[in-house]
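Please look through the sequence and the structure shown here before reading the report that follows.

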Amino acid sequence: MAKLLLIDDDLDVLKINKNFLTRQGYEVMVSNNAVSSIQSLNKYHPDCIILDIMMPELDGFKSSQKIRSITDTPFIFLTGVTSEAARLKGFQLGADDYITKPYSLKELSARINVVLRRSNKQVQSASEISYPPLRLDLTLHKAFYDTEEIALSNREYELLYHLMTKPNQTLTFEKLGQLIWGSYTSSDRRTIMVTASRLRKKLSYYEGLDELITTVWSEGYQFHKKKVK
């Protein structure tokens, strides 16, 4: 099942929601600190983020802006702020849903499921991404051609991971830099190009993988979603 990241400064809420959602089959990580949880996004790779609005240090609105600058992962506001103005602001910031407290745990799970289906995040297993014969094991952080491991550096693996999670979409140099390092400067473009070149060369040694990643001139790269066999 999908991986969830719950961000709320209320430890009781986190405990209750985690216990329930875990029983529903989700893999759940919780955090009561928005700053540290955002910094760990590229490590944890959640499929959906559920966050409160009224939090110290960094509120949910500011957190969502930082989240959206790093990843396209869908997020849901789960909050006691019930005003229409807040709800509208939440959706303007890119929220996929806005749930107000108090709420039903069953409804929370159902609405998370709807967001995941809409974003197509449940197509892949939480433990792997697979376009046979190419497969990424997200637990081991390794790539395989059927059962044979493809030797990739950490940076090559991260680049392939982000491309495979956005098949048939152009990921710009800036977006890739933000996804891999959490920020982007003009000097990162050369690093990404070198990494992509090495990755494509390694994939070309395997039948059918030589054309999976293509260059979008002056913009970035695409991973072409297709089964090789």
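## Strand β6 and its two faces

Strand β6, which covers residues 128-131, has a covered face made of I129 and Y131, while its uncovered face carries E128 and S130. This description, like everything that follows, rests on a predicted model.

## The hairpin of β6 and β7

Strand β6 is joined to β7 in a hairpin, with 2 residues lying between the two strands. The pairing of β6 and β7 is antiparallel and runs over 4 bridges; in one of the details of this pairing, S130 has R135 of β7 as its bridge partner.

## D137, a buried charge

Strand β7 spans residues 134-137, and D137 belongs to it. Why does D137 count as having no salt bridge? The nearest side chain of opposite charge, that of R135, is 4.2 Å away, and because a salt bridge needs a side-chain nitrogen of Lys or Arg within 4 Å of a carboxyl oxygen of Asp or Glu, D137 is left without one although it is buried.

If residues up to four places away in sequence are set aside, D137 touches S127, E128, K142, F144 and Y157. Of these, E128 has already appeared on the uncovered face of β6.

## The second largest pocket

The second largest pocket holds about 150 Å³ of space. Its lining consists of 12 residues, and those that lie nearest the centre are K3, Y44, L138, T139 and H141. Two helices, α3 (41-44) and α7 (154-164), each contribute at least two residues to the lining of this pocket.

Key
Residues are numbered from 1 along each chain as its sequence is written. This is a predicted model: local features need pLDDT of at least 70, side-chain atom pairs count only at pLDDT 80 or more; totals for chains, interfaces and linings use all residues. Side-chain values use heavy atoms; hydrogens and water are left out. Buried means under 20% relative accessible area, exposed over 50%, partly exposed in between (1.4 Å probe, protein chains only). Lys and Arg count as positive and Asp and Glu as negative; His and the chain ends are not counted. Contact means heavy atoms within 4.5 Å. Two strands pair if DSSP finds at least two bridges between them. On a 1 Å grid over the protein atoms alone, a cavity is a set of points where a 1.4 Å probe fits but cannot get out, and a pocket is an open set with protein on both sides within 12 Å along at least five of seven lines; lining residues have an atom within 4 Å of a point. Grid points are joined across faces, edges and corners, and a volume is the space filled by probe spheres set on the points.
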